Structure formats: structure tokens, C-alpha cells
Amino acid sequence: MIRNPRDIQRYNASERANHWIVGICFILLALSGLAFFHPAFFPLTQLFGSPTWARILHPYIGVVMAFFFLIMALRFARLNFIHKQDIEWLKRVGEMVNGDDHNMPEQGKYNGGQKVLFWGLVIGMLLITVSGVLMWRSWVAVPVGVVRAASVVHAGAAVFMIGLIIMHVYAAIWTRGTIRAMLYGTVTRAWAKQHHRVWYRQITGDKR
Amino acid sequence: MTNTWSDIKNADVVLIMGGNAAEAHPCGFKWVIEAKKLNKAKLVVVDPRFTRSAAVADYYAPIRTGTDIAFLGGVINYLLTNDKIQHEYVKAYTDFTFLVDERFAFENGLYSGYNADKRAYDDRSSWQYQRGEDGYVVTDPTMQDPRCVYQLLKKHYSRYTPDVVSNICGTPEDQFLKVCEYIASTSGTDRVMTIMYALGWTQHSQGSQIIRTGAMVQLLLGNIGVKGGGMNALRGHSNIQGLTDLGLMTNLLPGYMTLPGERETDYGAYIARRAPKPMRPNQMSYWQNYEKFHVSLMKSWYGKAATAENNWCFDWLPKLDKPHDILQVFEDMYNGKLNGYFCQGFNPLAAFPNKSKLNVALAKLKYLVIMDPLATETSEFWKNYGDLNNVDTASIQTTVFRLPTTCFAEESGSLVNSARWLQWHWKGAEPPGEAKPDTEIMGSLHLHLRELYEKEGGTFPDPILNLDWPYKRPHEPSSEELAMEFNGKALVDLVDPADPTKIIRKAGEQLDGFAQLRADGSTACGCWIYAGCWTQAGNQMARRDNADPYGDGQTQKWAWAWPANRRILYNRASADPSGKPWDSRRRLVWWNGKQWGGDDVPDFAPASAPEVGMGPFIMNPEGIARFFARDMMAEGPFPEHYEPTETPIGVNPMNDNPAAVYNPAARIFKGDLPNFGTSAEFPYAATTYRLTEHFHYWTKHVNINAVLQPEQFVEIGEGLAHEKGIANGDRVQVSSKRGYIRAVALVTKRIRALKVNGQTVHQVGIPIHWGFMGQAKAGYIANTLAPFVGDANTQTPESKSFLVNIEKV
Amino acid sequence: MALQSLDIKRRSATTTPSPQVRQTLEVAKLIDVSACIGCKACQAACMEWNDIRDEVGTNVGVYDNPSDLTANQWTVMRFNEVETADGGLEWLIRKDGCMHCEDPGCLKACPAPGAIIQYSNGIVDFHEEHCIGCGYCITGCPFNVPRISKKDGKAYKCTLCSDRVAVGQAPACAKVCPTGAIQFGSKEKMKEYAETRITDLKERGFDNAGLYDPAGVGGTHVMYVLHHADQPGLYNGLPKDPAISPMVSVWKGVTKPLAMAALGAAALGSLFHYVMKGPNEVSKELEDEMEREDERLRAQEKEDVK
């Protein structure tokens with residue numbers, strides 16, 4: 001079933017599984033969270049069996065996501081350190097969005113945008129997890145002032161993260177040939193060379 | 001109560017002392033709030049603790065427990081020295097002008113006639129008035145004679161100066177004087193004070209005298225017999241008034257008639273002693289009708305067997321050797337002189353003092369019968385509940401019979417409230433399990449006994465065999481039948497004495513009131529003061545018309561009040577000697593030129609013109625109210641301050657007589673003397689009380705009450721807590737010479753240390769409601785701590801003042 | 001708790017008007033703290049009428065029992081000992097419970113449609129069958145009143161006996177209060193009555209006596225007559241100027257639609273970006289290069305095999 005043995009492995013099976021656990025959790029959390037956030041989305045709670053089930057499950061799913069996100073973040077943190085060429089890339093992101101990547105600086109495994117996304121999500125996860133725990137009345141009792149502040153932070157962090165994930169998902173869709181990296185792990189050499197040339201060279205030893 | 005609950009709204013000043021109406025009588029307390037709202041009344045609270053009554057008071061003053069006579073004596077002194085008395089009232093309606101026997105004396109804490117060996121005044125002959133040749137009391141209308149009651153009173157209470165009061169009571173002088181000012185503000189005819197008291201005055205070795213002192217204050221102010229005034233005893237049970245009315249004391253017969261003493265074997269002398277001749281001209285001395293009430297009672301009990309020939313069965317009445325009050329009975333039980341004991345609606349192990357003595361006493365019984373709706377502590381006295389009831393079950397041979405009875409809601413009948421209202425109530429539920437009404441149990445028991453006497457004879461079967469038992473279901477007399485019997489009926493056609501052709505009541509008809517009772521055996525009446533409660537017109541107690549035509553809360557058509565549906569006793573005193581109301585805004589009864597009438601049923605001869613000079617206190621042979629109690633009080637005619645039997649200061653600052661430190665006539669058994677503690681060992685003054693969330697030892701069996709006040713606690717001031725290193729919520733042990741209890745410490749600002757006789761006295765507050773039975777958290781019986789001492793007159797235990805120590809555990 | 005349906009002023013998490021053709025009188029409960037004796041008859045009546053029972057608890061050194069509001073105890077007497085400037089003492093006893101705010105923070109915070117309802121008579125009622133147990137009502141309440149039941153995870157509080165009021169009865173607590181410290185009627189009448197009490201208190205020397213009907217929450221349908229209206233904090237921390245917390249307003253206020261709009265814009269923006277700019281594909285040049293390389297390598301492999 002290997003389409004091309006010379007395709008490059010971008011994610012191994014463990015990484016992919018990790019990502020999708022986090023991803024599924026995120027979707028479930030977003031759906032249930034949005035339901036509590038705005039009446040327009042309240043019917044989404046039915047996806048969880050009932051509104052009360054949505055309320056009960058939401059924080060537990062959150063714990064699962066926080067755990068796997070932590071592992072994933074530790075796995076990928078080193079690769080997401082921001083370097084000079086990332087700054088350069090970010091400066092030129094407008095051209096990229098416009099569909100012209102000819103002048104973009106060469107990128108490693110992750111480009112500047114992806115790295116910003118990564119750190120954005122790390123910060124978001126930190127905020128949403130801590131605030132979520134503080135709001136979790138079944139297990140945690142803190143002064144109501146703290147709960148109120150946590151509620152605001154939780155909602156803010158959630159909106160922020162959903163925004164990032166919309167970008168993340170769109171970027172994956174927009175950049176053709178990307179999604180397969182997270183589905184079966186490989187990308188074409190052409191994809192790698194086009195979008196992550198430094199990384200491509202590292203992998204293939206190709207000096208061109 | 002001399003007055004009535006709803007009448008409290010007419011007061012200008014409400015003094016709550018020796019009670020805590022807001023907590024113990026929250027429903028009746030509404031009338032205090034009404035007085036405040038409608039009448040701008042001021043509420044003054046004097047209490048060892050800042051209570052929930054104090055929380056809504058206009059003024060609060062602290063007092064050391066058991067020193068109320070000193071406080072009120074000081075008030076009397078204040079009123080007399082500042083001329084804050086109602087002159088015309090005291091002169092006309094009290095014994096102020098009466099001259100007292102020359103031999104009567106008071107010296108260093110003791111009155112004349114004291115027998116130190118017997119610890120009693122066995123010669124009270126000097127405690128009398130001077131009598132003239134006409135047999136009447138000699139008076140001095142100028143009140144200048146040093147032997148007149150006014151002068152003696154003034155002299156006696158001149159010793160109770162504000163600094164003396166403050167020194168004894170611990171009430172700061174300025175606070176005492178402030179209370180005096182409030183009280184004195186009602187000395188005119190246009191303002192009235194009511195006094196509300198309860199067991200905080202009763203449960204002392206000198207309790208009756210405390211209450212008398214309060215009454216004296218009210219008399220000085222002219223506040224007795226008027227709307228919004230009076231001495232208002234707030235009874236502790238819904239029907240404890242009914243209990244005393246019906247004579248459930250060992251020396252009483254129904255209607256406050258009394259049993260003969262063992263030397264009273266002559267019927268005529270027995271009656272004569274109880275039917276005193278008037279002591280002043282033209283006085284009524286209503287007890288002269290005693291024989292009518294007595295004969296009617298005997299006819300009610302013994303029917304045809306009671307005849308003039310057998311002196312209406314006088315010989316069948318027990319003749320008392322001494323009072324057999326509860327303290328005496330338990331003393332006898334403790335000494336092995338009692339075989340069996342019936343506890344009917346009574347939980348002595350919790351309610352009476354010195355639990356460990358009671359435990360020993362009960363264990364000496366052969367049998368104990370408990371009639372109660374609840375599983376009481378007394379019914380389980382033999383069972384070991386660890387520290388809470390540490391007894392050796394195996395060594396106790398008492399057989400306990402537990403007979404479950406119905407609760408008030410499971411039977412019809414009447415309850416008599418503090419205001420003497422007989423209020424009928426209807427059965428609301430079937431009793432659970434095998435519970436039976438008390439009347440059914442007693443009825444069946446009587447029939448069994450009677451059968452045994454019939455079959456086997458016996459030493460003295462007559463009173464049992466001849467007891468009239470006319471009930472339709474003999475084993476189960478109904479409440480209705482009993483109520484009708486208490487009211488009384490004509491046994492023959494009753495003829496109007498004024499017009500022999502007229503028949504007032506036909507044979508068998510219910511009577512209208514006690515005025516129709518006869519001493520010739522033609523009427524029967526089970527309790528003369530209840531005559532009128534169930535007339536030929538029906539059950540008056542069931543009336544529920546709360547119309548208040550005069551707007552003064554007398555509501556004459558609501559239920560029925562004894563005597564004669566009268567709501568305010570001595571109400572003749574609301575009018576001046578000429579029969580005109582003292583205060584036109586406060587009219588109650590008055591003379592209209594022909595007869596007495598008004599908002600209330602006159603407590604007076606309806607047609608006696610004011611000029612005749614009949615006094616308003618018609619039950620007294622004097623016709624007036626007494627400051628000088630003659631020989632009627634065990635410890636003297638004028639109340640005097642004595643320390644509680646267990647005193648935190650060891651001396652009585654009013655005298656230096658070792659025999660007069662505490663009440664020289666108090667009810668004390670020799671064997672209990674070693675059980676009294678001293679302040680060296682037990683330095684703190686303790687007092688017990690009720691909380692609003694509970695009723696005695698009953699409601700701890702009720703879930704809701706248990707939720708609202710779940711766990712036993714004691715209250716101590718911040719000063720004492722600091723001294724003893726006790727923090728709020730700590731567990732502490734409170735011990736007296738008689739035992740200990742353990743509870744949560746509630747540290748409060750509401751109990752403050754008092755400066756008494758040069759030392760600091762801390763007080764410890766002990767709510768009573770816990771025990772080892774029920775739904776609330778199990779706790780210790782508070783009366784473990786209280787001393788086995790009784791009031792000299794009523795034998796009520798001194799549960800309100802004793803000594804304890806307290807330690808953190 | 002009551003199931004009225006035509007007089008609903010406001011409904012939680014509902015963005016369209018609720019049925020409200022039936023107009024009822026605006027009611028209020030007035031608690032005259034100066035006439036309250038702390039007898040807890042109101043607590044008992046509340047337990048009985050609503051058939052709720054708390055545990056038999058413990059004594060923690062105060063008269064307050066149960067020591068706090070719970071899902072089974074919708075009202076609690078709070079006892080506070082306060083020393084006065086002249087060395088005297090006051091024992092201030094306040095009946096605590098839901099204030100039935102005109103602008104209820106609980107309702108504002110509640111995410112479950114119809115779990116919290118405000119009737120036109122002003123009563124704020126929880127409908128527990130719609131409650132999801134999130135506790136946002138607690139977060140929203142300026143008076144710390146709602147409690148989550150450990151038994152069913154739903155939020156509970158005083159209903160102002162909405163079921164009784166709906167049929168013309170006073171709340172159970174008002175009915176049993178022996179001293180008339182709890183009055184119930186139209187809000188207007190209650191304010192009039194409060195005036196007479198305040199006048200009386202001022203005559204008794206409480207110069208700062210006043211009505212507690214805080215404007216910060218639009219007024220309340222449970223009001224207090226306080227001897228010290230200038231210091232409500234003396235009454236077990238009754239807030240002086242209660243209002244829905246700004247945090248809650250931020251959380252549940254305009255930010256909600258704004259955030260939704262932002263997320264919507266992000267999603268739509270992405271879609272339109274794709275439509276307008278097209279996908280970001282690998283360039284044909286690179287693909288061909290790799291194709292050629294593949295072919296070259298495949299040929300080399302064949303030779304190697306030979």
C-alpha cells in the first residue's frame with residue numbers, strides 16, 4: 001500500500017495518534033463549550049446525550065486533552081523554538097496568504113506561522129486548563145471571585161484557541177498534501193521541498 | 001398571667017426579666033412587637049445573657065443569675081425615694097395603710113420566728129396585721145405610723161441602694177438606674193408597664209419571692225388590673241397552666257383548693273380555715289364560697305355516695321403529713337421508701353436536678369411505669385449509654401413498663417394557655433401503633449383496680465369503689481365528657497334564691513358558672529374555676545370568633561378564659577376608687593351608676609357601688625393587694641435577697657449572718673448538703689435555659705428541630721474563654737459537684753464578666769435540650785449539674801443558679 | 001419550581017421574548033431585621049412546605065444552623081454580635097436567602113435555556129429539570145445564594161414560594177413568622193410599610209435606619225429593614241452596593257456575540273480565502289523534478305538488479 005517508498009515520513013504513528021486524541025478532545029470540548037457559551041449552540045449538548053451529560057463530560061474530556069496536549073507539546077517543543085528565519089517568514093506572511101511563496105525564506109520542519117500557532121496553543125491550553133480546573137465545582141472549591149475571573153479567562157482562552165484551530169485546520173486544508181501527514185504519516189518529497197526546504201534537506205541529504 | 005397575651009400590645013413598657021420570651025415564647029412575643037409598633041412601647045430586658053429577646057430590646061442590662069430580688073428591691077427603693085409611685089392606687093388598693101404586729105421584726109437577714117435547727121420559720125405568728133376590737137385590721141390612712149406596711153416596706157428596701165444593687169447583681173450602676181427610669185416612666189396613670197417572666201424567676205430557691213418582688217413593683221406603679229399591665233407568667237408547656245388548674249400538685253385539689261393536712265380531721269374546721277372572713281369592712285373575700293366549690297367537687301367525684309351525713313366523703317380525702325413534691329418523692333425513692341412510680345408525660349431523669357441521684361433512686365424501684373409518646377431518657381435509665389448514662393445495667397432490677405400515649409394532635413381536648421384560655425382542639429391524626437390516650441390507659445387501669453377491689457376486698461376500697469364513673473365507654477372516658485364534668489351540672493332543679501318560683505337550671509343541665517354552685521350537694525363541678533367552659537349553650541372553649549370590638553385585644557368570644565371568661569384579673573383596679581377609669585384611653589371596666597361593665601367581665605361584685613368601698617382584690621380577705629404577705633410565704637412577708645444555694649461569692653452582702661447567706665427556708669434535704677460545691681472548687685455561676693429551636697427534651701426527637709439546633713453546646717464569655725484558653729467551637733467539660741457534661745463551647749460577647757462584691761464573676765450558660773435519646777446528636781443531660789434544692793414555697797428546683805467549673809477537653 | 005407559563009419576564013439562555021401576556025403584581029418580601037427574633041420558624045416552614053431536609057449537623061460555635069445555605073436549606077438565620085461605639089452590644093440576626101434581584105446575576109450567567117426564570121411578579125425561580133448543574137448561577141450571584149445538590153447535581157435556592165404566590169398565598173416563611181418580621185405583598189406596599197418601620201427605628205435612635213433594596217441589581221424582591229442601613233456589612237457581610245460582578249458582565253455580556261462573530265469571521269474568512277486565492281499547492285516544477293528523479297532512481301535500481 002505504500003504509494004511511493006521515497007515519500008518522507010513526517011509523523012510517526014505515535015505522534016499521529018497523539019495529535020488525533022488531542023484533536024478529537026478539542027472538537028468535543030469546543031462543541032460542548034460553545035453550547036454553554038451561547039444559547040445559539042445549546043442544542044449541541046444533545047450530541048453528548050443530554051445537556052447535563054455535556055456538562056459532566058466537558059471537564060473530564062478537558063483533563064484528557066490537557067494530558068495528551070502536554071505530551072504532544074513536550075514532543076514538539078524543541079522543533080518550535082523560534083529562530084531568525086521564522087521572524088523573517090512572519091514578516092512576509094502577507095505574501096504567503098496572498099498565494100505567493102516565492103520570496104518566503106526557507107523553513108525547517110515548521111514554519112514561523114506554525115510555531116506561533118504552537119506557542120499560542122500552549123499558552124491557551126495553560127490558561128484554559130487552569131481556569132477550567134478552578135471552575136470545576138464538582139471537585140474544586142475556590143472563592144467565587146476566583147471562579148468569576150476563571151470563567152472569563154476560560155471563555156477568552158477558548159475563543160482564542162478555537163480561532164487558532166480554525167486557522168490550523170484551514171492551513172492544513174489550504175496547503176494541499178498536508179493532511180496526509182497526520183493521516184498516514186508521510187508527505188511527498190516535493191511537498192517537503194516546497195514548504196519545508198531546510199527540513200527536506202535534513203531528511204534527504206539533498207543539498208540543492 | 002394576670003392579663004392576657006393579646007393585651008401585651010397595650011403596654012408602654014415591657015420588662016422581660018426572669019424569662020426570655022422571644023426564644024421560649026416566640027408566638028406570644030408577637031404582642032411585644034405589636035406594642036412596639038402600635039404603641040411605641042419600649043422593651044427592656046434584664047438577663048444574665050444577651051438573649052434573642054435582648055436582640056430586639058430598646059435596653060438591655062446584665063444581671064448575675066439568682067440576684068433578681070436585689071435588683072427589684074433596688075427598683076422598689078428607687079420608686080419610693082424618687083416618688084415614682086401611683087399614690088392613689090397604692091393607698092386605696094394595697095395594704096399600705098395596714099398596721100403590722102409589733103412583734104414582727106427583721107434582723108440581719110432573718111425574720112422573727114426562725115428555727116435554725118429545722119431550717120424553717122416554724123413560728124410565723126408575728127407575721128400578721130394588728131387587729132382592732134371589731135376584728136378588722138387596724139389602718140393608718142396617714143401612713144405615718146412606723147408599723148404601717150408603707151413605712152416597713154420603705155425601711156426594708158431603703159437598704160437596696162443602687163451601689164448595693166450593683167455590688168450584688170453585677171449590673172453597672174448606670175445601667176441599673178437606666179432600667180429604673182424606664183420602669184418609673186409608668187408610674188403615672190397614663191402609662192403602663194407589663195412584666196413578662198418565666199422559669200428564670202421560678203427556678204430558684206427563692207423563686208416565689210422573686211416573683212412577689214416583681215408584683216410589688218407593679219403594684220407601686222399601679223400596673224395591676226389595667227390594660228397593658230400585669231404580672232405575666234409565661235408558662236413553659238402548652239398546658240402547664242391546665243395542670244396546676246386541675247390540681248396536679250400533691251397538696252392541691254382542682255381549682256387551687258387544697259388537701260387537708262394530717263391534723264385537719266374535722267370537716268368544719270377544714271372549710272372554715274379556707275373560707276376566711278373579710279379583714280376589712282365591706283370586703284368580699286370570695287374564698288368564703290370555698291365550701292360550695294368543695295362540695296360540688298366531691299359530688300362530681302363521688303356522686304350519690306357523697307352526702308351531708310358523711311361530710312361529702314371528707315374522710316376519703318388523703319391527709320398530708322408534708323408536701324410530697326417531686327423532690328420529696330425522689331428523696332424517698334433514693335432512700336428506698338418507694339416501690340413503684342408512674343411517669344405520665346414526665347421525663348424526670350432529664351428534667352430534674354442531680355441526674356446521678358435520680359439514677360440511683362430509679363434503680364431502687366421495683367417497677368416504673370412510663371406513659372409517654374416518646375422513648376424518654378427516664379424509660380431507658382437502666383441502659384448504659386457510655387459516658388452519657390453510665391449505669392451498670394445488670395445490677396438494676398427495676399421493671400420498666402412503657403405505655404405509649406397519644407400526642408396532643410392525636411386526641412381532642414382543651415389546652416389552657418398562660419393567659420388562662422381554655423382552647424379546644426380537635427384530633428388531627430390517628431395515633432401510631434399501640435399508642436392510646438392517657439384517659440384510656442388511666443380509665444382501664446381504674447376499672448381493673450376496681451374489679452380487684454370488688455373481688456378481693458382490701459384495706460380501704462371505698463374511694464375506689466364509690467368513684468362516680470358515668471362515662472359512656474367506661475374504659476375510655478372522652479375528652480368531651482371530662483370537660484363537661486369539669487364545668488359542672490345541676491343535680492336537681494336549681495331554684496333562684498331570689499325568686500323561688502323560678503328555676504335557673506333543670507336537673508342534669510350544665511351550669512353557667514361557679515356562681516351557681518351550691519354547698520348542699522345539689523350541684524357537681526369537677527373544677528370550679530372551669531365552670532362556664534361547657535355550658536348548656538355548648539362548648540365555649542371551641543369558640544373561634546376573634547372579633548375585637550374595642551380594639552384592645554380582649555377578644556371575649558375567642559375560646560374561654562377562667563375565671564368566668566375574664567381576660568384581665570383584678571380589672572376593677574383599672575378604675576379609680578370612684579369607679580372612673582384611671583385613664584380614659586385605657587378604659588377596661590367601670591361603674592356606670594348602676595353596675596360594673598366594660599370591655600371585660602368585671603372581676604368584682606357586679607352591683608357593688610364604689611361608695612361601699614369594696615376592694616378590687618376580691619379573692620383576698622383584705623380586699624386589697626398585699627405588699628406584706630403575712631404568714632403566707634415560707635421565708636418572710638417581704639422578699640429579701642439571698643444568694644443562690646451555691647453562690648460564687650460565698651457571702652450575702654446584705655447581712656453577715658451565716659444562716660442567711662442563702663434562703664434560710666429553702667427546700668434542702670440533709671443528705672444533699674455534701675453535694676453542694678463552693679466557689680473555691682467551682683468558681684463560675686451557671687444557669688440553664690431553653691433555646692427557641694427546641695422544646696424541653698421532646699423536640700430533639702423531631703428531625704426538623706434537630707437540624708435547626710443539632711448539637712449540645714454551652715455559652716461562655718470571651719473573658720472566661722481567654723482565661724481558660726478555650727476557643728470558639730472547642731469541646732469543653734463543665735462540671736459541678738454532682739457530675740459533668742461535655743459539649744461544644746460557644747464563645748460569645750453576649751455573656752460578660754460581672755464585677756460582684758469586689759470580684760469578677762463569670763457566668764456559664766447551659767442550654768438543656770440534649771440527652772441520649774432522639775434524633776439530635778446525643779448529648780449529656782444538663783441537669784446532671786443542677787443541685788437538688790427547691791424553692792421554699794413551691795419546691796421548684798434551683799436549676800437557674802449553681803456553681804460549675806469549665807475545662808477544655 | 002412553579003410552572004407558570006404566561007407571565008415570564010425573562011428566561012435564562014433564551015434570546016427571544018418569553019410568553020408574557022399575563023401581567024402580575026410586582027411582589028416583595030420585606031424582612032424587618034429589627035423585629036426578627038431569630039426563632040428559625042421560617043427555616044422550619046421552608047423545610048416543611050418544600051419538603052426539604054438537611055442533615056443533622058454539628059455546632060460550630062454559633063447559633064446558625066445549618067451553618068450555611070445548602071441545596072436542602074434555602075434560608076438560614078445569620079447571627080452577628082456587634083459591639084457598638086458606646087460599649088453596648090447588638091445581636092444582629094438576618095434571614096439569609098435569595099434576594100430575587102430585579103437584574104438577576106444567576107439568570108444572566110445560566111447557560112441552560114429555561115433553567116432560571118423571572119416571572120413578571122419579580123420572582124426569580126429555578127426550574128431544576130432544565131438545570132445542567134454547571135454552577136454558573138453561583139458564579140453570577142452577587143449574594144452567594146444558589147447551592148448545587150450533592151444528590152442530583154442541580155442548583156437550588158429559595159423560590160419565594162412561587163408555587164404559593166402563584167395561587168395568592170404568601171411564602172411559607174412569611175406565613176409562619178411569629179413576630180411579623182417577614183411581611184409579603186406588593187413591592188409598593190412593602191416599601192410603604194418599610195417607611196413606617198424606619199420612622200419608628202429613627203425615633204428609637206437608629207439614625208441610619210433604612211431600606212435595603214440595592215439599585216446595583218435593579219432592586220430586589222426580598223428587602224430588608226436595617227437599623228444600620230449605612231453598614232449592611234454588619235449583617236453577616238450583606239454587600240453594600242451589590243451588582244453583577246464585572247467579570248460576569250464581561251463573560252456573559254457583549255463579549256459573547258462579539259466572540260461568536262470573530263469565530264464566524266475566521267471560519268468564513270478561511271472559506272473565502274480558499275475560494276478566492278485557491279489552494280497552496282506544490283509547484284508543478286517541483287513535482288516534475290521529483291518525478292524525474294524517481295524515474296532515474298527506478299532505472300538505476302533495475303540496473304543494479306541486473
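Hi everyone, let me start in chain B, at T523(B). Leaving out residues up to four places away in sequence, T523(B) touches S296(B), K299(B), G488(B), A490(B), L491(B), L511(B), Q516(B), L517(B) and R518(B). One of those contacts reaches back along the chain: G488(B) is 35 residues from T523(B) in sequence, yet their C-alpha atoms are 7.1 Å apart. T523(B) sits in strand β18 of chain B, which covers residues 523–524. Is T523(B) buried or exposed? Buried: 26 other C-beta atoms lie within 10 Å, and 20 would be enough for that label.

Before I go on, please keep in mind that this is a predicted model. The predictor gives the complex an ipTM of 0.93 and a pTM of 0.94. For chain C, where I'll spend most of my time, the average pLDDT is 94, and 99% of the residues score at least 70.

So, on to chain C and its cysteines. An unreviewed UniProt entry places a "binding site" feature at C36(C), C39(C), C42(C) and C177(C). These positions span 142 residues in sequence, but no two of their C-alpha atoms are more than 10.6 Å apart, so they gather at one spot.

Let me take two of them in turn. Where is C39(C)? You'll find C39(C) in the loop between β2 (27–32) and α1 (41–50) of chain C. C39(C) is buried, with 26 other C-beta atoms within 10 Å. Setting aside neighbours within four places in sequence, its contacts are P26(B) and T692(B) from chain B, plus P178(C).

C42(C), by comparison, is in helix α1 of chain C. C42(C) also counts as buried, with 26 C-beta neighbours inside 10 Å. Beyond residues up to four places away in sequence, C42(C) touches T75(C), K95(C), C173(C), V176(C), C177(C) and I182(C). Note C177(C) in that list, since C177(C) is another of the annotated positions.

K95(C) takes us to a hairpin. K95(C) is in β4(C) and stands opposite M77(C). Strand β3 (residues 76–83) and strand β4 (residues 89–96) of chain C run antiparallel and are joined by 8 bridges. The hairpin has 5 residues between the strands, and G87(C) takes a positive phi near 85 degrees.

Now let's step back to the whole of chain C. How far apart are the centres of its domain 1 and domain 2? Taken over C-alpha atoms, the separation is 62 Å. The assignment gives domain 1 as 8–242 and domain 2 as 255–305.

Next, the contacts with chain A. Here 39 residues of chain C are in contact with 35 residues of chain A. On the chain C side, the elements that give two or more residues are α3 (136–140), α7 (246–252), α8 (255–277) and α9 (284–305). The largest share, 10 residues, comes from α8(C). By type, that side of chain C divides into 23 nonpolar, 11 polar and 5 charged residues.

Last stop, chain A itself. UniProt, again in an unreviewed entry, lists residues 20–37, 57–77, 116–139 and 151–173 of chain A as "transmembrane region". How does the model draw these spans? Residues 20–37 of chain A are 100% helix and 0% strand, with end C-alpha atoms 24 Å apart. Residues 116–139 of chain A are 83% helix and 0% strand, and there the end C-alpha atoms lie 34 Å apart.

That's my tour. Thanks for listening!

Notes
Residues are numbered from 1 along each chain as its sequence is written. Chains are lettered from A and ligands numbered from 1 in the order in which they are written. This is a predicted model: local features need pLDDT of at least 70, side-chain atom pairs count only at pLDDT 80 or more; totals for chains, interfaces and linings use all residues. UniProt positions are given in the numbering used here, feature names are shortened, and annotations may be inferred rather than shown by experiment. Helices (H or I, at least four residues) and strands (E, at least two) are DSSP runs, numbered from the N terminus. A residue is buried if 20 or more other C-beta atoms lie within 10 Å of its own, exposed if 12 or fewer, and partly exposed in between; C-beta atoms are placed from the backbone. Two residues are in contact if their C-beta atoms, placed from the backbone, lie within 7 Å. Ala, Val, Leu, Ile, Met, Phe, Trp, Tyr, Cys and Pro count as nonpolar, Asp, Glu, Lys and Arg as charged, and the others, Gly among them, as polar. pLDDT is the predictor's confidence in each residue, from 0 to 100. Domain bounds come from an automatic or database domain assignment. Two strands pair if DSSP finds at least two bridges between them.
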